Amino acid sequence: MNCVLEGNAVKAFGKAIHSLSRIGDELCLDPMSKGLALRSVNSAHSAYACFLFSPMFFQKYNLGPEQGSETVQCKLLMKSILPLFRCLATVERCQIQINTPNDRVKIQFFCRHGITKTHDLCFEESEALQAAFASHLCPNVLKAPARVLGEMVMHFPVSQEEITLSVTPLRVSLRNYFEGGNDHMKIMYTEMSLHPDEFDYFQIGVESNITFCLKELRGLLSFAESHCLPVSVHFGAAGKPVCFSVEDMILEATVVLSTLIDSESPSQPAETLTVAPRTPTRCADVVPESPGEAATVPAGMELVASSQGSPIEDPALLLLLHHLSEPHYQERANSTPASSICSLLFRAKSPESGEGLPVLACCSDEEEAEEEDVMMMRSPTL
């Protein structure tokens, strides 16, 4: 493969790599006839991201005669390629070449004043992965400018790991999520709400509360906001994946995240995010690792049907999200501290406690004594 980028396209390509660095430690380059795809999966297999740049995005895009069948996929270490796209202020043109005989990816930066920087990176051939997620089957769809979602996320600290998205036909709220064992005295709870009029497209088929990781989402929102692109959100009930996507004429970006199981229905199995090899067949089909090799189902693993209704026949070859099915993660999901928290300032108890009317304020003994002295001073003496 041989492609050339010029001008702002180099910076956009670098921002895409920085967004993927929030997902996983490896970057997959998948050159295809419809464009160059950049993919990444995190170590827990709970997040998947893909940036697809069409041939119109490049000044020159050539697969080469040896790659006409689209069989070469390169896997690079993120820590090796990420520093190359950090300082792009003086870069005017970038050329990326994949040399299959030497297993090298050659990246050249043509900078101002005739300076040329050349980098040769070793790669490993691997199967291109793609998340088996049918967004058109999701009952809830939101679409808003990236600025709107970015302003909501910016109020949460960088250390915030998970957030909860709650939707109703009349409101969309976003709040931070904490484990049940945390000290509530040291936690600041933040919640923001939006009216449906703030969204470009608003479709709520099922009221739901989904909890997902925030770190993986920040990269996509930063990329979309820098290019003024709207972000679409497709999701359903808790326990099923949520998809954030950005679409343009020359670019498609997708981030699929797993969600926690709803604590109110712990018996309902979670629909785990399945990342399978990219094949021209249906996304639910499974390609065996080697002919004639029998697949074994690990102990304790449950076969979960895909969103398109096709059963998973070979779970040993899929990158399943094990942390959603682990006992300690289900225990985290089943604990909802928000329903049992009492207001420390006003002593107002949760309505679910059913202990009568809440006490909004209580005066201390000193305040009561001061009020009595004031009343005695104001009252006429006999």
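This passage describes the salt bridges of a predicted model and two residues with positive phi values.

Side chains of opposite charge can pair when their charged atoms come close. A search covering the whole structure identifies four salt bridges. One of them joins the side chains of Glu26 and Lys75, with an N to O distance of 3.9 Å. This pair links distant parts of the chain, since Glu26 belongs to strand 2 (residues 26-32) and Lys75 to strand 6 (residues 74-77), and the two are 49 residues apart. Glu26 has a relative accessibility of 36% and therefore counts as partly exposed. Lys75 is likewise assigned to the partly exposed class, because its relative accessible area is 23%, and buried residues are those under 20%.

Lys75 also takes part in a salt bridge with Glu124, in which the closest N and O atoms are 3.8 Å apart. Here too the pair links distant parts of the chain: Glu124 is located in strand 10 (residues 124-125) and Lys75 in strand 6, 49 residues apart. Glu26, Lys75 and Glu124 are thus connected in a network of salt bridges.

A further salt bridge is formed between the side chains of Asp30 and Arg39, with an N to O distance of 3.1 Å. Asp30 and Arg39 are both buried, whereas Glu26 is partly exposed and Lys75 is partly exposed.

Backbone geometry was also examined. His45 is not a glycine, yet it adopts a positive phi of about 60°. His45 is placed in the loop between strand 3 (35-41) and strand 4 (47-53). With a relative accessibility of 22%, His45 counts as partly exposed, because the buried class is limited to values under 20%.

A positive phi, of about 55°, is also found at Cys228, which is not a glycine either. Cys228 lies in the loop between helix 4 (215-226) and strand 18 (230-235). The relative accessible area of Cys228 is 70%, so this residue is classed as exposed, the threshold for that class being over 50%.

In summary, Glu26, Lys75 and Glu124 share a network of salt bridges, and Asp30 and Arg39 form a salt bridge in which both residues are buried. Positive phi values occur at His45 and at Cys228; the loop carrying His45 lies between strand 3 and strand 4, and the loop carrying Cys228 lies between helix 4 and strand 18.

Terms used. Residues numbered from 1 in each chain as written. Predicted model: local features only at pLDDT ≥ 70, side-chain atom pairs only at ≥ 80, totals over all residues. Heavy atoms only, no water. Helix = DSSP H or I, 4+ residues; strand = E, 2+ residues; numbered from the N terminus. Buried < 20%, exposed > 50% of the residue type's maximum accessible area, 1.4 Å probe, protein only.
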